[in-house]
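Please load the model in your viewer and keep a selection panel at hand. The stops below go from the whole chain to a pocket and then to a patch on the surface.

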Amino acid sequence: MEDTLTRYYGLHSNTVEKPVQPCLALEIENTNREMLRSELYDQAHKLRQMKGEDLEGLNVEELGQLEKKLEAGLSLVINTKEERTLNEINKLQRKMKMTLHREKLVTVNSELINNVSISSNSTPPLDGDSPNSSRLPLRS
């Protein structure tokens with residue numbers, strides 16, 4: 001039994017004392033993290049340059065390339081804005097047409113209603129109901 005315990009503790013004590021090597025997956029993750037960090041820094045730097053910041057280190061050619069990128073981006077923004085503005089104008093025109101159409105319908109309907117009520121109020125009087133007729137007793 002003592003021999004078994006010695007082997008047991010001996011095996012476990014040896015494994016604890018061995019230096020732990022980093023896992024391959026951990027190394028890959030660290031490498032990816034560093035690449036992403038570097039890419040993030042580069043993209044943030046490019047964004048600052050597009051905003052007109054951090055231009056000191058650029059030469060004339062790089063400034064020209066940046067200008068072309070900005071012009072292309074501005075052109076896309078202008079086209080998108082024009083398209084959306086035209087869509088809004090078309091929507092408003094359709095709404096106006098619908099509103100005008102409804103107003104015409106309401107006007108026609110109210111004119112019809114007025115004509116009907118006027119004509120129903122202007123029924124010709126029956127004989128003897130007219131204010132000009134006088135009621136005389138009948139003599140036999």
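Accessible areas here come from the Shrake-Rupley method with a 1.4 Å probe, and for residues only the protein chains shown count as cover. Select the whole chain first: its accessible surface comes to about 13,600 Å², of which 60% belongs to carbon and sulfur atoms. This is a predicted model, in which local features need pLDDT of at least 70 and side-chain atom pairs count only at pLDDT 80 or more, while totals for chains, interfaces and linings use all residues. Residues are numbered from 1 along each chain as its sequence is written, and side-chain values use heavy atoms, with hydrogens and water left out.

Colour next by secondary structure, where the chain shows 3 helices and 0 strands (DSSP runs numbered from the N terminus, helices being H or I of at least four residues and strands E of at least two). Of the 140 residues, 2% count as buried, that is, under 20% relative accessible area, with exposed meaning over 50% and partly exposed in between (1.4 Å probe, protein chains only).

Now select Gln43, Lys46, Leu47, Gln49, Met50, Leu58, Glu62, Gln65, Leu66 and Lys69, which line the largest pocket. A pocket is an open set of points on a 1 Å grid over the protein atoms alone, where a 1.4 Å probe fits, with protein on both sides within 12 Å along at least five of seven lines, and lining residues have an atom within 4 Å of a point. Helix H2 (24–50) and H3 each supply at least two lining residues, and H2 gives the most, with 5.

Finally, move to Ile78 in helix H3 (residues 60–121), which counts as partly exposed because its relative accessibility is 41%.
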